[in-house]
Amino acid sequence: MDRRKIMMSPKLPGFRTPDSIRRGAEQGIQSEAEQAKNNSISLTGRKATSYLAAAVTRSLALFIPLLLLSAVPAGCSQNPPPAPDQKADEKVDKEFYTPKDRVAAMQAATIFAPKAVADANILQGPEQDPKQFQLHLGDKVYCDFDKPGSQMGGKTPKFACKFTRVESVGGQVQVLTPQMDEGEPVKIKYGSTDNEIYAEVVSTRLMWALGFYADSWFPVHVECNNCPADLESGSGVKSTRSFDAATTVRKYSGHKMYEEGKPDEGWSWKEFEQYNGRPDSEKDGLRLLAAFIQHSDNKAPQQRLICKGVKVDQSTQPFTTTCKESKMLIQDVGATFGGGGAFTSNDSAKMNLQEWSGKKLWNKTGKPGMSDTDCPVCEAVLSKSWSATDGLSDPIITEEGRRFLAGLMCQLSDAQIQDLFTAAQVAWMPKYHNSDGSFKQGLDEATIKKQWVDAFKAKREELASGRCRWKNKPADFAAIDNPMGLPTVPNHCVAPPR
């Protein structure tokens, strides 16, 4: 029955009409006043007056709301109370209020944007927001301490800092201005013995150069103002502290999305397989790239779902969240260019040349010249961490995906590959140096970088010379071999033609 009809009907048993409510309230006031008068016989002066005023006030407090209620016309109804789970503030959080909306965003999400790989300036890195400090290799960053590592998650040494000044190697100085957008503290990873600060730069620059979405990591020197002695807990004496080996991140643009109350949700590789609607060439290309770099710590929080143009419709219960443009990316690639494994140790799973080069790319693959029917269902090699529930392990790869990634990888020149390891400053890892800082016997910067370049190219040849079974062989290979539609596509691989 309509709530308005119930309220206005005088025929329901026990129902009090507006007139009866008003009369009852008036009688209540008279009763209170009479009682106050009687009670005042035993009171004198100010006490009696105060008692009488309080009684009248109590009665008015009852009468006025009832009077307002009775004044509602028959043709109007009061606004219903908000639903229990509705937020009072109109500015709701930009997150998913139903699993269905999150799934819809993953279904529509892109994972790759075609680019001319040969044009990527890997030393310079991705284009940066003009409203922020422009970072370059070897810059010195000045910042004010904001948050200790214990409040940021993860196990690697880190802290948050607010940038105030940047000095470049060439002598250029950037200072904070009111027009700049540097309000949020920036993550700093530090310490020459933390292999993540090298691996993360190589992996993100490679992903960006190929066209896959990634955050931007920059090697910097850091001078932190008001930094505590213990950067993990935030305790101890505060002073200015310097870090010669450090990296900082610029997040890929877009609003991080997750279900309400699950800020670390990310996306799992099982969900990626089940929901994402991109072509098999792109999806298998990303999976194969994860195996190539040995992205072993691939649990869901290491991946991120982002949206541009988030809209929350508050007229529905629960709220409906939609994304104008959604993207899926790998956000933490610190445990890469090593041997993977269950525990992603700092030594073996992160930036370890021997472990990475000794890890073959394929468990199962075919060879050039094989017929389509003879080519096997390929299986790449990837040892995921034990914590990666629904993670990626030894992924099955189609020929669409192998051919797609090989076509991108083979566009990288020798100079670009070397720039990957120059940008990451791998030659300055402590393992290559004596205790006094000098290079170990037989090593120098050029030699160390060449070892990494040779290992990279050898693994790329495994990629280029493999052959897998087609899932859906296209009549035209252009979309796979040349997604940018270039007049000519560079090919620096020596493997036989596809």
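**Notebook: a small sheet, a disulfide, a helix pair**

I started with strand 11 (residues 378–380), which pairs with strand 12 in the antiparallel sense over two bridges. This is a predicted model, so I read everything below as computed. Looking for a residue pair between these strands, I found Cys378 opposite Ile397 of strand 12.

Next I checked the whole sheet. It is open, has three strands in the order 10-11-12, and its pairing is antiparallel. Which strands stand at the edges? They are strand 10 (362–364) and strand 12 (396–397); each has a single partner strand, so one side of each lacks a neighbour in the sheet.

Then I went through the cysteines. I get five disulfides, counting sulfur pairs within 2.5 Å. One that I looked up joins Cys143 to Cys161, with S to S at 2.1 Å. Cys143 sits in strand 1 (residues 140–148) and Cys161 in strand 2 (residues 158–167), so this bond ties together parts 18 residues apart in sequence. I also took the torsion about their S-S bond: about 85°, so the disulfide is right-handed.

Last, the helices. I looked at helix 10 (residues 414–423) against helix 11 (residues 445–465): they pack at about 125°, axes 9 Å apart. That makes the two helices oblique to each other, and helix 10 passes helix 11 in a right-handed crossing. What meets across the contact? From helix 10 I noted residues including Ile417, Leu420 and Phe421, and from helix 11 residues including Trp452, Val453 and Phe456. By class, I have six nonpolar, two polar and four charged residues in the contact of helix 10 with helix 11.

Key:
Residues numbered from 1 in each chain as written. Predicted model: local features only at pLDDT ≥ 70, side-chain atom pairs only at ≥ 80, totals over all residues. Heavy atoms only, no water. Axes fitted to C-alpha atoms, helices over the stretch in contact; angles between N-to-C directions. Helix = DSSP H or I, 4+ residues; strand = E, 2+ residues; numbered from the N terminus. Parallel < 35°, antiparallel > 145°, perpendicular 65-115°, else oblique. Left-handed = near helix turned anticlockwise from the far one by under 90°. Contact = heavy atoms within 4.5 Å. Nonpolar A, V, L, I, M, F, W, Y, C, P; charged D, E, K, R; others polar. Pairing = 2+ DSSP bridges.
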